[in-house]
Amino acid sequence: MDTGDTAWVLTSTALVLFMTPGLAFFYGGMVRSKNVLGMLMQNFFAMGLMGVLWAAVVFSLAFGDAGNAGFIGNFDYLWLKDVGIGASSNEFLSTLTIPFVLFAAYQMTFAIITPALITGATADRLKFSAYAVFIGFWLVLAYGPMAHMVFGGGWLADMGALDFAGGAVVHMNAGAAALALVILLGVRKGYPDEPMPPHNLPFTILGTGILWFGWAGFNAGSALAANGVAAQAIMNTFLAASAAMLGWLLVEKIKDGHATTLGGASGAVAGLVAITPCAGFVGGMAGVYIGFATGIICYLALGIKKRFKLDDSLDVIAVHLVGGLVGSILLGLFADSSINALVTNEGTFLGGGTDLLVDQIVASVVTIVFSFVVSIIIGKVIDLVIGLRVDEAGEDTGLDLTLHAETAYS
Amino acid sequence: MKLITAIIKPFKLDAVKNALREAGVQGMTVGEVQGFGRQAGHTEVYRGAEYEVDFVPKVRLDIVVEETEVDRVVDVIVGEAKTDKIGDGKIWVTAVERIVRIRTGELDGDAL
């Protein structure tokens with residue numbers, strides 16, 4: 001047990017929790033004014049349901065029998081049994097120098113924000129009830145197994161794939177779920193003929209700032225210690241966001257003629273997403289290279305939804321699915337064993353050959369396919385039982401009044 | 001010249017605007033308004049306290065056209081704004097005595 005490590009992870013837990021209201025404002029600014037409360041509510045609600053479910057069941061599914069190189073954990077920690085203020089008795093987790101209950105709390109904040117990321121894709125039409133049921137089942141069936149396979153010493157980690165803070169578990173996982181739900185839901189009424197511009201971009205910039213700030217806890221906190229890896233992770237995180245903003249704005253200026261506030265915000269978030277798997281595994285200027293490439297690639301990925309006529313309303317696929325994928329694959333090029341001893345195969349650019357790169361690609365494909373299949377099954381069942389979409393009149397009126405009997409601006 | 005004032009459902013604005021443009025209407029003034037007619041308001045709930053909101057959000061369009069155009073423009077608005085449900089709105093037409101284009105001082109028909 002180390003007081004310095006404990007202090008830092010306590011702080012990081014608070015930082016990551018703050019990202020979810022940040023995300024709410026990031027997305028809330030982008031929807032139309034009649035749907036802003038619906039968006040804020042879906043994000044905020046994740047702090048309710050996901051928190052309780054995590055403690056009750058999903059922490060155990062993710063970290064029970066950690067290190068078993070398997071697909072899922074067990075029920076050892078159900079209802080927070082044996083999750084105490086001391087160290088874990090599990091061998092894989094026994095290297096932690098923080099209270100086991102703090103580890104559970106820290107991981108809980110990840111379980112809260114991950115399903116909330118999906119809401120950007122389903123904006124303006126997904127029923128609140130359907131959302132609540134979806135994220136409940138999704139946390140158990142998609143997030144729990146993914147967290148185990150990667151963070152809990154499951155088979156993807158055992159295979160050699162690296163994911164420092166959740167490029168696969170959080171971002172590709174949520175991105176693939178977003179893709180599944182967008183396919184099931186169909187487009188917003190009036191899309192793409194009717195313009196649906198963001199109603200409050202200052203909210204979006206505010207949300208981006210909160211996300212950027214909170215991401216320090218997300219990535220540097222994932223060192224689970226106050227050490228050099230955490231220091232490297234915070235530097236990489238901030239550099240990637242900075243460079244990705246520049247990359248996005250540069251392409252935007254060239255292609256669309258203007259550098260926009262929404263573009264700057266989107267670029268920064270894309271960079272934060274891409275550096276997430278890499279944060280504690282790369283050094284030097286790698287954060288800048290990864291961020292800059294991501295800013296450009298994610299901007300270009302906006303074309304995917306037009307090409308396939310998908311109404312991924314706030315671009316969760318372009319930012320999180322593609323951003324997470326780019327980061328995970330680039331880690332196969334930049335991973336550096338001098339930064340982190342967990343890097344056993346170095347990246348291609350550091351002379352490590354292509355072993356890690358192949359592992360990263362395999363893990364990414366597995367993550368996307370697994371999450372997509374689970375999500376489309378849960379979504380389809382919910383659609384058949386209670387319906388995913390609000391009715392047409394409700395969509396015209398807006399989610400705020402229809403689902404919550406409130407209006408944001410009166 | 002006549003002033004056509006239309007109160008329509010907010011989400012119909014783009015469809016009505018596009019149809020009017022295609023019909024040759026050169027300009028319009030639009031505002032977000034609230035009001036009530038036969039359509040009832042709605043109830044909002046804040047921490048259990050219910051509020052009756054009688055005024056329903058609508059969009060108001062003001063369009064000035066030559067007299068010969070009035071029937072056609074009204075028909076276009078009716079055609080696009082109609083949903084057959086209560087609250088589709090109303091249109092009224094009033095006489096306009098004079099129009100001035102501020103920049104040039106042109107009057108009436110020339111100012112349209």
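I take two strands as paired if DSSP finds at least two bridges between them. Helices (H or I, at least four residues) and strands (E, at least two) are DSSP runs, numbered from the N terminus.

**Basis.** The model is predicted: local features need pLDDT of at least 70, side-chain atom pairs count only at pLDDT 80 or more, and totals for chains, interfaces and linings use all residues. Residues are numbered from 1 along each chain as its sequence is written, and chains are lettered from A and ligands numbered from 1 in the order in which they are written.

**Chain B, strands 3 and 4.** I looked up the partner of B:Thr43 and found B:Glu52, in strand 4 of chain B. Strand 3 (residues 42-46) and strand 4 of chain B run antiparallel and are joined by 5 bridges. I noted that the two form a hairpin with 2 residues between them. B:Arg47, in the turn, has a positive phi of about 50°. For burial I count the other C-beta atoms, placed from the backbone, within 10 Å of a residue's own: 20 or more is buried, 12 or fewer is exposed, and in between is partly exposed. Strand 4 (residues 49-53) of chain B is hardly covered, with 0 of its 5 residues buried.

**Chain B, strands 1 and 6.** I found 6 bridges between strand 1 (residues 2-8) and strand 6 of chain B, which run antiparallel. B:Ala6 stands opposite B:Ile91 in strand 6 of chain B. Strand 6 (residues 90-95) of chain B lies largely in the open, because the number buried among its 6 residues is 0.

**Chain A, overall.** I recorded 15 helices and 0 strands in chain A. Its C-alpha atoms fill a box of roughly 55 × 50 × 35 Å along the principal axes. The radius of gyration (over C-alpha atoms; globule rule 2.2 Å times the number of residues to the power 0.38) is 20 Å for chain A, which agrees with the value near 22 Å for a compact globule of 410 residues. Of the 410 residues in chain A, 61% are buried.

**A:Ala293.** I located A:Ala293 in helix 10 (residues 286-301) of chain A. A:Ala293 is partly exposed, because 19 other C-beta atoms lie within 10 Å. Contact means that the C-beta atoms of two residues, placed from the backbone, lie within 7 Å. Leaving out residues up to four places away in sequence, A:Ala293 touches A:Gly247, A:Val326 and A:Leu330.

**Between the chains.** I counted 6 residues from chain A and 7 residues from chain B in the contact.
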